[in-house]
Amino acid sequence: TQGTIEIKPDDIDVTVENNPGTINREGLETGWMSIKVYDSDNNSMVPINVNGSLWITLNGSLSSYDKGVYLQTNSSGYFNYDFDPNCSHSVGAHYWIGGVLNEECYKDKNITSPQYFEVYGQLKNYLDVPSYQEVFNVTEPVPIMFTTYSDCKGFSERPEENPVVNASSYTIEVYHPNEGWLGCSSDNLYNGSYNCTFDSTGHEEGNWSVRFNTSKNYFNDNT
């Protein structure tokens, strides 16, 4: 007698082993994403080199997933990926999803739901006014202005961050060794710049320094 045998791919359970939570975009910090793949038909972890993919959002919208990265399981049956965000990725909320894909021995299957994490950028404050080592006489008003950018300054992918508009907090301070740090009442120009005018009347002569402090959600502070 003759018969037909149908060989079907095994069923699998695909679960999240690790989600990074938060990742700094600047520098060498990465976020570890890990997926466990379990063969539910034979009750064991899948072997090494099972094919899979992982996708990460570019701007936090579930419709903004990237083209994905190709992965293979390690000898323990896990997909592992160290994600290093760059200026293609906005600051704030993001999602990732992944699982087995294009594998002959196992059914295609992703983790059950997208995983939430956050990308943090770095604020960068740049002095606009006064120019370096500019000289003022005592009693002259000293105009001070700075502009806040992000770690993606100069990258076309993030125009909304350069400049960074409407910092959550911003201060301007001036310093002389004999007087310490003094606050200068500052204004938000609503274009990423902040300014104040320091009244030098009655203050020490000599070299003065300027310090800017800014903060904003999903950015590391800058001083």
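Rings of Phe, Tyr and Trp (its six-membered ring) are taken to pair if their centres lie within 6.5 Å; planes under 30 degrees apart count as stacked, over 60 as edge-to-face and the rest as tilted. The structure is a predicted model, in which local features need pLDDT of at least 70 and side-chain atom pairs count only at pLDDT 80 or more, whereas totals for chains, interfaces and linings use all residues. Residues are numbered from 1 along each chain as its sequence is written, and side-chain values use heavy atoms, with hydrogens and water left out.

A search of the whole structure yields ten aromatic pairs. In the pair of Tyr 126 and Tyr 149, the ring centres are 5.4 Å apart and the planes stand at 85°, so the arrangement is edge-to-face. Tyr 126 belongs to strand β10 and Tyr 149 to strand β11 (residues 141-150), so this pair ties together parts that are 23 residues apart in sequence; strands are DSSP runs (E, at least two residues), numbered from the N terminus. Lys 153 accompanies both rings: its charged end sits over the ring of Tyr 126, 5.1 Å from the centre, and it lies over the face of Tyr 149 at 4.9 Å from the ring centre. The criterion for a charge over a ring is NZ of Lys or CZ of Arg within 6 Å of the ring centre and within 35 degrees of the ring normal. Tyr 126 has 37% relative accessibility and counts as partly exposed (buried, under 20% relative accessible area; exposed, over 50%; partly exposed, in between; 1.4 Å probe, protein chains only). Phe 146, Tyr 170, Tyr 194 and Phe 212 form one aromatic cluster.

The largest nonpolar core (buried Ala, Val, Leu, Ile, Met, Phe, Trp, Tyr and Cys residues joined through side-chain atoms within 4.5 Å) has 21 residues, and Ile 35, Trp 96 and Phe 117 have the most contacts inside it. At least two residues of this core come from each of β1 (12-18), β3 (31-39), β5 (51-56), β7 (78-83), β8 (92-100) and β10 (115-129). Another core, of eleven residues, lies apart from it and includes Cys 184, Tyr 194, Phe 198 and Phe 212.

An open sheet of three strands follows the order β13-β12-β16 with antiparallel pairing, where two strands pair if DSSP finds at least two bridges between them. β13 (180-184) and β16 (209-215) stand at the edges with a single partner strand each, so one side of each is left without a neighbour in the sheet. Strand β12 (residues 169-176) is joined to β16 over seven bridges in the antiparallel sense, and the bridge partner of Tyr 175 in β16 is Ser 209.

Definitions and conventions:
Helices (H or I, at least four residues) and strands (E, at least two) are DSSP runs, numbered from the N terminus.
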